[in-house]
Amino acid sequence: MSQSYNRGLIEDFSRWREFEAGMWAWIFHKFTGWVLIGYLFTHIAVLSTAIPASGAETAVLQAGNDVYTQTIVSLEGLLLVRILEVGLLAVAVFHMLNGARLLLVDLGVGLESQDKSFYASLILTGAITVASVPTFIAGAF
Amino acid sequence: MAQRYSSFDKGGRMWLLQRVTAAFLLVVLAFHFFLLHFVHHADEVSFLMSAGRMETLSYYSLMVLFLLTATFHGVNGVYNALVNQGLTGTKRTVIKWTLVAASVVLVLQGIRTANAWAGIPLY
């Protein structure tokens with residue numbers, strides 16, 4: 001039989017010292033989810049510059065002087081954008097790893113090691129993010 | 001007896017869809033990041049390269065499906081988070097339909113963009 005479980009108010013942040021792994025996983029999953037949906041709207045807005053660019057002459061497109069290519073190249077030329085992209089990767093990787101963990105929990109797999117799998121998600125996120133820094137920063141200087 | 005700690009209605013269609021889209025997104029988001037940051041680098045992006053990929057039907061359809069599932073998963077996630085925080089009544093209805101409208105705009109704009117690359121004259 002299912003029954004509701006009173007987690008207490010997450011907004012009551014003074015309780016943070018009492019939080020266990022599951023609560024942190026819940027908070028990080030919500031936070032990274034908010035960031036990712038916010039990014040999706042921004043991403044489509046930036047990519048939409050392809051609509052006016054599609055009307056450009058072939059020579060302009062080949063030279064990369066269209067509004068889409070120029071927008072992306074300008075953004076990628078900013079060190080701040082590159083750093084934000086590393087942050088986005090970290091957020092996405094954690095959401096994916098913790099999400100995979102949640103799917104397994106929903107399937108009843110690894111119920112006894114939920115804390116360990118959360119810590120593993122955090123460590124793996126850190127490792128993947130650090131390993132990706134050179135690729136994401138390449139050409140920014 | 002096993003307890004359920006999830007706030008979702010078990011057996012609900014939205015509950016299942018959130019998980020089915022999650023499984024799909026796990027694979028496609030990893031592919032997207034890998035292709036556009038590790039195979040190609042973000043600062044090498046050009047309209048013609050993006051168009052070259054999007055003119056392939058398999059890539060175009062994968063990206064449209066990616067957009068649809070990501071929008072559903074993200075917006076439904078936001079809605080669930082707000083409901084978890086106690087959103088009820090008229091506010092809940094207003095926010096629900098605002099999120100639906102935002103999703104429709106996002107998907108339409110995304111498809112218009114994909115069409116612009118693919119050379120499909122519907123944008």
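A residue is buried if 20 or more other C-beta atoms lie within 10 Å of its own, exposed if 12 or fewer, and partly exposed in between. The exercises below apply this cut-off, among others, to a predicted model of two chains, A and B.

**Exercise 1. Overall confidence and burial**

Task: State what confidence scores the model and chain B carry, and what percentage of each chain counts as buried.

Solution.
- Step 1. The model scores 0.89 for ipTM and 0.89 for pTM.
- Step 2. For chain B the average pLDDT is 91, and 91% of the residues reach at least 70. Among the elements of this chain, the lowest mean, 94, belongs to α1(B), and the highest, 97, to α4(B).
- Step 3. Of the 123 residues in chain B, 16% are buried. In chain A, buried residues amount to 21% of 141.

**Exercise 2. Fold and dimensions of each chain**

Task: Determine which secondary-structure elements each chain contains, and how the radius of gyration of each chain stands against that of a compact globule.

Solution.
- Step 1. Chain A consists of six helices and zero strands, in the order α-α-α-α-α-α. Chain B has four helices and zero strands, which follow one another as α-α-α-α.
- Step 2. The radius of gyration of chain A is 21 Å, whereas a compact globule of 141 residues would be near 14 Å. The C-alpha trace of chain A spans about 65 × 35 × 30 Å along its principal axes.
- Step 3. Chain B has a radius of gyration of 18 Å, against a value near 14 Å for a compact globule of 123 residues. Its C-alpha atoms occupy a box of roughly 55 × 35 × 25 Å along the principal axes.
- Step 4. Contacts complete the description. In chain A, 66% of the contacts between residues at least 6 apart in sequence join residues at least 24 apart. In chain B, pairs 24 or more positions apart make up 69% of the contacts with a separation of 6 or more.

**Exercise 3. The side of chain B that touches chain A**

Task: Establish how many residues of each chain are in contact with the other, which helix of chain B supplies the largest share, and what the class composition of this side is.

Solution.
- Step 1. The contact involves 36 residues of chain B and 38 residues of chain A.
- Step 2. On the chain B side, at least two residues come from each of α1 (13-39), α2 (47-54), α3 (57-84) and α4 (89-118). The largest share, nine residues, is that of α1(B).
- Step 3. Sorted by class, this side of chain B comprises 21 nonpolar, 10 polar and five charged residues.

**Exercise 4. Helix α3 of chain B**

Task: Compare the span of α3(B) with its expected value, then identify which of its residues are buried and what covers them.

Solution.
- Step 1. The helix has 28 residues, and its first and last C-alpha atoms are 40 Å apart, close to the 40 Å expected at 1.5 Å a residue.
- Step 2. The buried residues in α3(B) are Met63(B), Ala70(B), Thr71(B), His73(B), Gly74(B) and Gly77(B).
- Step 3. Their cover includes α1 (21-47) of chain A, as well as α1, α2 and α4 of chain B.
- Step 4. Just after the helix, Gly86(B) adopts a positive phi of about 105 degrees.

**Exercise 5. Two residues classified**

Task: Decide whether Leu17(B) and Ala101(B) are buried, partly exposed or exposed.

Solution.
- Step 1. Leu17(B) is part of helix α1 of chain B. It counts as partly exposed because it has 14 C-beta neighbours inside 10 Å. Its C-alpha lies 8.1 Å from that of His73(B), although 56 residues separate the two in sequence.
- Step 2. Ala101(B) belongs to helix α4 of chain B. This residue is exposed, because 10 other C-beta atoms lie within 10 Å. The C-alpha atoms of Ala101(B) and Val83(B), 18 residues apart along the chain, are 18 Å apart.

**Exercise 6. The nonpolar cores**

Task: Find which members of the largest nonpolar core touch the most other members, and which helix gives the most to this core.

Solution.
- Step 1. Of the 15 residues in this core, those touching the most other members are Ala50(A), Tyr68(A), Met54(B), Ala114(B) and Trp117(B).
- Step 2. At least two residues each come from α1, α2 (50-53) and α4 (67-76) of chain A and from α2 and α4 of chain B. The most, six residues, come from α4(B).
- Step 3. Neighbours within four places in sequence aside, Ala50(A) contacts Tyr68(A), Phe47(B), Ser50(B), Thr113(B), Ala116(B) and Trp117(B).
- Step 4. A second, separate core has eight residues, among them Leu36(A), Ala92(A), Val93(A) and Phe94(A).

Technical notes:
Residues numbered from 1 in each chain as written. Chains lettered and ligands numbered in written order. Predicted model: local features only at pLDDT ≥ 70, side-chain atom pairs only at ≥ 80, totals over all residues. Contact = placed C-beta atoms within 7 Å. Nonpolar A, V, L, I, M, F, W, Y, C, P; charged D, E, K, R; others polar. Expected span 1.5 Å × (residues − 1). pLDDT = per-residue confidence, 0-100. Core = buried A, V, L, I, M, F, W, Y, C linked by C-beta atoms within 7 Å. Rg over C-alpha atoms; globule rule 2.2 N^0.38 Å.
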